[in-house]
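Work through the exercises below with the sequence and the structure side by side. Try each task before reading its solution.

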Amino acid sequence: MRRIALDIETTGLDPALGHRIVEIGCVELENNYPTGNFYQQYINPNRKMPEEAFKIHGLTDDFLSDKPSFLLIADEFLDFIKDSEL
């Protein structure tokens with residue numbers, strides 16, 4: 001059984017306040033064992049990083065400024081996790 005262990009970092013926890021994903025990390029598991037296949041991507045949230053979020057993950061506006069937006073990586077990410085249990 002293919003499973004994906006997923007971790008995300010964000011600008012905050014409330015999308016209604018405009019919070020966005022800034023990093024996605026995934027590890028593929030087959031029968032609960034890592035296969036060595038993974039997906040990792042930094043994402044430009046197109047907004048300022050709140051100090052509270054920076055204190056958690058350390059990702060800065062400067063670092064993320066040249067990274068792709070979520071829209072540009074969405075298909076690649078969905079392709080990686082398709083047909084998998086998260």
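**Exercise 1. Find the bridge partner of Ile 24 in β3.**

Solution. Step one: go to Ile 24 and look across to β3; its bridge partner there is Gln 41. Step two: place the strands, which are DSSP runs (E, at least two residues), numbered from the N terminus, as are helices (H or I, at least four). Strand β2 covers residues 21-30, and β3 covers 33-42. Step three: read the pairing. β2 and β3 run antiparallel to each other and share seven bridges; two strands pair if DSSP finds at least two bridges between them.

This is a predicted model: local features need pLDDT of at least 70, side-chain atom pairs count only at pLDDT 80 or more, and totals for chains, interfaces and linings use all residues. Residues are numbered from 1 along each chain as its sequence is written, and side-chain values use heavy atoms, with hydrogens and water left out.

**Exercise 2. Describe the turn between β2 and β3.**

Solution. Step one: the two strands form a hairpin with two residues between them. Step two: check the backbone. Most residues other than glycine have a negative phi. Asn 31 is not a glycine, yet has a positive phi of about 55°. Asn 32 is not a glycine either, and its phi is positive at about 70°. Step three: check the surface. Buried means under 20% relative accessible area, exposed over 50%, and partly exposed in between (1.4 Å probe, protein chains only). Asn 31 has 52% and is exposed. Asn 32 has 49% and counts as partly exposed.

**Exercise 3. How many salt bridges does the structure hold, and which residues does Glu 28 and Arg 3 each meet?**

Solution. Step one: the structure holds four salt bridges. The rule asks for a side-chain nitrogen of Lys or Arg within 4 Å of a carboxyl oxygen of Asp or Glu. Side chains of opposite charge can pair when their charged atoms come close.

Step two: take Glu 28. Its side chain meets Arg 2 in a salt bridge, 2.5 Å from N to O. Glu 28 is in strand β2 and Arg 2 in strand β1 (residues 2-10), so this pair links distant parts of the chain, 26 residues apart. Glu 28 counts as buried, at 11% relative accessibility.

Step three: take Arg 3. Its partner is Glu 85, at 2.7 Å from N to O. Arg 3 lies in strand β1 and Glu 85 in the segment after α3 (70-81), so the pair ties together parts 82 residues apart in sequence. Both ends are partly exposed: Arg 3 has 25%, and Glu 85 has 37%.

Step four: add Asp 79 and Lys 82. Their closest N and O atoms are 3.1 Å apart. Asp 79 is partly exposed at 46%, and Lys 82 is partly exposed at 46%.

**Exercise 4. How many aromatic pairs are there, and how is the pair of Tyr 39 and Phe 77 arranged?**

Solution. Step one: the whole structure has three aromatic pairs. Rings of Phe, Tyr and Trp (its six-membered ring) pair if their centres lie within 6.5 Å; planes under 30 degrees apart count as stacked, over 60 as edge-to-face and the rest as tilted.

Step two: Tyr 39 and Phe 77 form a tilted pair, 5.9 Å centre to centre, with 45° between the planes. Tyr 39 is in strand β3 and Phe 77 in helix α3, 38 residues apart. Tyr 39 is buried at 7%. Phe 77 is buried at 10%.

Step three: turn to Tyr 42 and Phe 63. Their ring centres are 4.8 Å apart and their planes meet at 90°, so the pair is edge-to-face. Tyr 42 lies in strand β3 and Phe 63 in helix α2 (residues 61-64).

Step four: look for a cluster. Ring pairs link Tyr 39, Phe 77 and Phe 80.

**Exercise 5. Which residues lie over the faces of Phe 80 and Phe 63?**

Solution. Step one: apply the rule. NZ of Lys or CZ of Arg must be within 6 Å of the ring centre and within 35 degrees of the ring normal. Step two: Arg 2 lies over Phe 80, at 5.4 Å from the ring centre. Step three: Lys 67 lies over Phe 63, at 4.1 Å from the ring centre.
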